[in-house]
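Hi,

Here is the structure I said I would pass on. Have a look through it first, and then read on for my notes.

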Amino acid sequence: MIIVFEVLHKDLMGRIGRLETPHGVVETPTIMPVVNPNLVLIRPDELERFGAEIIITNAYIIHKKEELREKALEGGVHELLGWKKPLMTDSGSYQLYEYGDVEVSNREIVEFQLGIGSDVIVPLDIPTPPDAQRERAESDLAETLRRLEEAKRISRGREGGGGEVRGARPLLAGPIQGSTFLDLRERCAAAVSEMGFDVYPIGGLVPLLEDYRYRELVEIIIAVKQRLPADAPVHLFGVGHPIFFSLAVALGCDLFDSAAYALYAKDDRYLTSDGTYFLEDLHYLPCSCPVCSKYDVRYLKECDREERARLLAEHNLYVTFAEIRAVKQAIRENRLWELLERRCRAHPLLLSGLKKVLEHAELLEKYDVSTKRSFFYLGETSARRPEVLKYAKKLDRFEVSGNTLVAALDTTLEDACKALKLDLQAFDHVFLVKPPFGPYPLELQETYPIGQSEVPTPMDYEGLTTALENVLKLLEMSKGAEFVFVCGEPWKEHPLIQKIKRRAKCIFV
């Protein structure tokens, strides 16, 4: 069996991987800049210097224009575009979505992509818009699955054909549709997984992204991921704004594509990892890329429109690939959640998407690594992150009996015991409490995650709540122990203290 995708490093559901294609290996996560051969703002052979390892172009646009079609069939799509690295071709589904019809069949466009040597081939799926009637979504999905089956048959019949380089076969993508109906997304993902594809794009998401419907985006991605093989490379069609990369990668997405770098540039829009600015609203350029280091905002506003569009497109590419590298670095350091929290505070609805992710923390915890070098508490969403959930599950490993002290203090344990005239030698076990994790044995204070976590003081309500919930869990599972619970401000004012009093003797500092 040929391994197409290999996972090298993991954090949460995110991963750094190697995607094998006929024209070489692509390291994921990455973004594929969209190249329209009719509207070239930055030549494909220039894209590599920004960080591009793979690009995407539209096979339907090439097929529709006779001159482009003949050149692609004669010399291949790589020669047509002047690009020697991996290249993915879309089938015209975007045009189908925008205009309601395309002048090509699924069979024709799949065979055309094989004939021009595409590295990743996409069948002509039916993208159903969000909030469509269920009857339409089901009908579109049935046709999409029929076309995917057809593409599989065509691809198998053409193995050894024009798309192969170095003995490798072109990869076949199986797009997943279903509009905003989660059960249809799951049904499609299960069916496509059963058929067996090389890449699994999730389509029909751009309208949700444009309307800031991040909660629904999260739900769709999670619904699909749960029905795909764990090692399946996942592509988000049309999603290419850097503000969303960390969230999508944390949920297990590997490939992105977008023409936003060019389209936004032509509209005088300036991308950042925190959002988008109109050039007219900028007084300074908040970036140190080569464009922003060489030119000031006044120059960009006053130069001719063609030059401005190119410079903005270059900036947009620099900042886009910089964010991809930041995500990869966060994965290597096992700090993807912390990057995610910082990015999601750039917009209230993005933060809402993060909170939707927390509803699925148990799923992320299953994929997450067991130990990390650090844990930074960055706000109330940190109180429920997967690492905290993982710690709570391990509390039942503690066997507690006899006299047990549990102390939640802002002072040292020694000072508190001296003030309260408590003899530490009288206790069989001593636990301290560190939010948001909760109780831990004194002997484990240097181990992960307690010893590697940095938390603010005073702790916020959510962090205190999670810690006290885990204190209660320890008390309730240790039936043979007698507990003394010592705490000071702000612990003693928390409502959960009343429940703790029913199981332990409480002493307040």
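Let's start with the largest pocket, which holds about 1,400 Å³ of space. Of the 50 residues that line this pocket, V206, G238, S258, A259 and L263 are the closest to its centre. Several elements give two or more residues to the lining: strand 4, strand 5 (55-58), helix 4 (93-99), helix 8 (206-210), strand 11 (255-258), helix 11 and strand 13 (275-278). Helix 11 gives the largest share, with six residues. If you sort the pocket lining by class, you get 27 nonpolar, 15 polar and eight charged residues.

Before going further, please keep in mind that this is a predicted model.

Now for the chain as a whole. There are 509 residues, and 56% of them count as buried. The secondary structure comes to 21 helices and 20 strands, and the C-alpha atoms fill a box of roughly 90 × 55 × 45 Å along the principal axes. Among contacts with a separation of 6 or more, 70% are between residues 24 or more positions apart.

Then there are the cavities. I have two of 30 Å³ or more in the structure, and the largest has about 60 Å³ of space in it. Its lining is made up of I31, P33, G240, S258, A260, Y261, L271, L317, T320 and F321. Strand 4 (30-35), helix 11 (260-266) and helix 14 (305-332) are the elements that give two or more residues to that lining, and the largest share, three residues, comes from helix 14. The class count here is seven nonpolar, three polar and no charged residues. You may have spotted S258 already: this residue lines the largest cavity and is also one of those closest to the centre of the largest pocket.

Next, a pair of helices. Two packed helices are described by the angle between their axes and the distance between the axes. Helix 15 (residues 336-344) and helix 16 (residues 348-358) pack at about 145 degrees, and their axes are 8 Å apart. On the helix 15 side, the contact is made by W337, L340, E341, R343 and C344, which meet L350, L351, L354, V357 and L358 of helix 16. That contact has eight nonpolar, no polar and two charged residues. Helix 15 is mostly covered, with eight of its nine residues buried. The buried ones include both E341 and R343, which also take part in the contact with helix 16.

Helix 9 (residues 214-225) is worth a look too. This helix has 12 residues and reaches 16 Å from its first C-alpha to its last, close to the 16 Å expected at 1.5 Å a residue. Nine of the 12 are buried, so to speak of helix 9 as mostly covered is fair. Among the buried residues are Y214, L217, V224 and K225.

Last, which strand is Y200 found in? Y200 is in strand 9 (residues 200-202). Its relative accessible area is 4%, and because that is under 20%, Y200 counts as buried. Leaving aside neighbours within four places in sequence, Y200 is in contact with G174, I176, V192, S193, L228, A232, P233, V234 and H235. As for helix 9, Y200 and V224 are 24 residues apart in sequence and 9.6 Å apart in space, C-alpha to C-alpha.

Cheers

Terms used. Residues numbered from 1 in each chain as written. Predicted model: local features only at pLDDT ≥ 70, side-chain atom pairs only at ≥ 80, totals over all residues. Heavy atoms only, no water. 1 Å grid on protein atoms, 1.4 Å probe; cavity = no way out; pocket = protein on both sides within 12 Å on 5 of 7 lines; lining within 4 Å. Points joined across faces, edges and corners; volume = space filled by probe spheres on them. Helix = DSSP H or I, 4+ residues; strand = E, 2+ residues; numbered from the N terminus. Nonpolar A, V, L, I, M, F, W, Y, C, P; charged D, E, K, R; others polar. Axes fitted to C-alpha atoms, helices over the stretch in contact; angles between N-to-C directions. Contact = heavy atoms within 4.5 Å. Expected span 1.5 Å × (residues − 1). Buried < 20%, exposed > 50% of the residue type's maximum accessible area, 1.4 Å probe, protein only.
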